[in-house]
Amino acid sequence: MTGWEGISHDSRILSEALANPHAPFPFSPPDKYYLCDAAYANIRGFMASYRNVRYWLGDFCRRHALTNKEKFNHAYAKILNVIERDFGVLKARFPISKRMTPFLLVTQRNITLACFPLHNFIRREGLHDEYFAQYDEPNVVVRNKNVGVDDDEDEIPTHGTAADREYMTLL
């Protein structure tokens, strides 16, 4: 779903990808879920954190999670931190990933698809790597500065069926 003109919210693009039967979007298996931030609705296969509940790992250093929602958001934040660290290593190792705008979209995609297997090979083979060593430090906390969510729940697109949203809420 690349190539949209202007500015579009990620959740709108996701909605379009899910609604388009010809989009090559890789749906997760029934027992797996994509993690998405609070700007997305909980629908089958997509799990977001609770809105307006403590979320950042740093918030839990001062005070432990007390409610079930806080416990969920804490576990969610720890998983998200691992993912963000992985992308941090990937961007540090392949600086071209930060400067791809002059390339055609297909070239950008191909560069990304070439970088991931190399990245995964280094990690899987356990080769000594300065980037993994740096990001494996226990006190490195990655915070996504791009997330800006309004408190107005009505702005979250409600893609998916009501049954899917209810399923994910109960889950």
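The exercises below work through the helices, the nonpolar residues and the salt bridge of this structure.

The structure is a predicted model, in which local features need pLDDT of at least 70 and side-chain atom pairs count only at pLDDT 80 or more, while totals for chains, interfaces and linings use all residues. Residues are numbered from 1 along each chain as its sequence is written, and side-chain values use heavy atoms, with hydrogens and water left out.

**Exercise 1.** State how many helices and strands the protein chain has, and in what pattern they follow along the sequence.

*Solution.* Helices (H or I, at least four residues) and strands (E, at least two) are taken as DSSP runs, numbered from the N terminus. On that basis the protein chain has six helices and two strands, and reading along the sequence gives the pattern α-β-β-α-α-α-α-α.

**Exercise 2.** Compare the expected span of helix α4 with the distance between its end C-alpha atoms, and then locate its buried residues.

*Solution.* The expected span is 1.5 Å times one less than the number of residues. Helix α4 covers residues 105-124, so its 20 residues should span 28 Å, and the 29 Å between its end C-alpha atoms agrees with this. With buried meaning under 20% relative accessible area, exposed over 50% and partly exposed in between (1.4 Å probe, protein chains only), the buried residues of α4 are Gln-108, Ile-111, Cys-115, His-119 and Ile-122. Seen down the axis, these buried residues fall within an arc of 65° (taken from the directions from the helix axis to the C-beta atoms), so they line one face of α4. The face turned away from that buried side carries the exposed residues Leu-113 and Arg-124.

**Exercise 3.** Identify the salt bridge of the structure and classify its two partners by accessibility.

*Solution.* A salt bridge requires a side-chain nitrogen of Lys or Arg within 4 Å of a carboxyl oxygen of Asp or Glu. The structure holds one, in which the side chains of Glu-125 and Arg-124 meet at 3.8 Å, N to O. Arg-124 is exposed because its relative accessible area is 61%, whereas Glu-125, at 43%, counts as partly exposed.

**Exercise 4.** List the residues of the largest nonpolar core, and name members of another core that lies apart from it.

*Solution.* A nonpolar core is a set of buried Ala, Val, Leu, Ile, Met, Phe, Trp, Tyr and Cys residues joined through side-chain atoms within 4.5 Å. The largest, of seven residues, consists of Leu-14, Cys-36, Ala-39, Tyr-40, Ile-43, Phe-46 and Ala-48. Apart from it lies another core of five residues, among them Leu-90, Phe-94, Met-100 and Cys-115. Cys-115 is also one of the buried residues of α4, and Leu-90 is one of those buried in α3.
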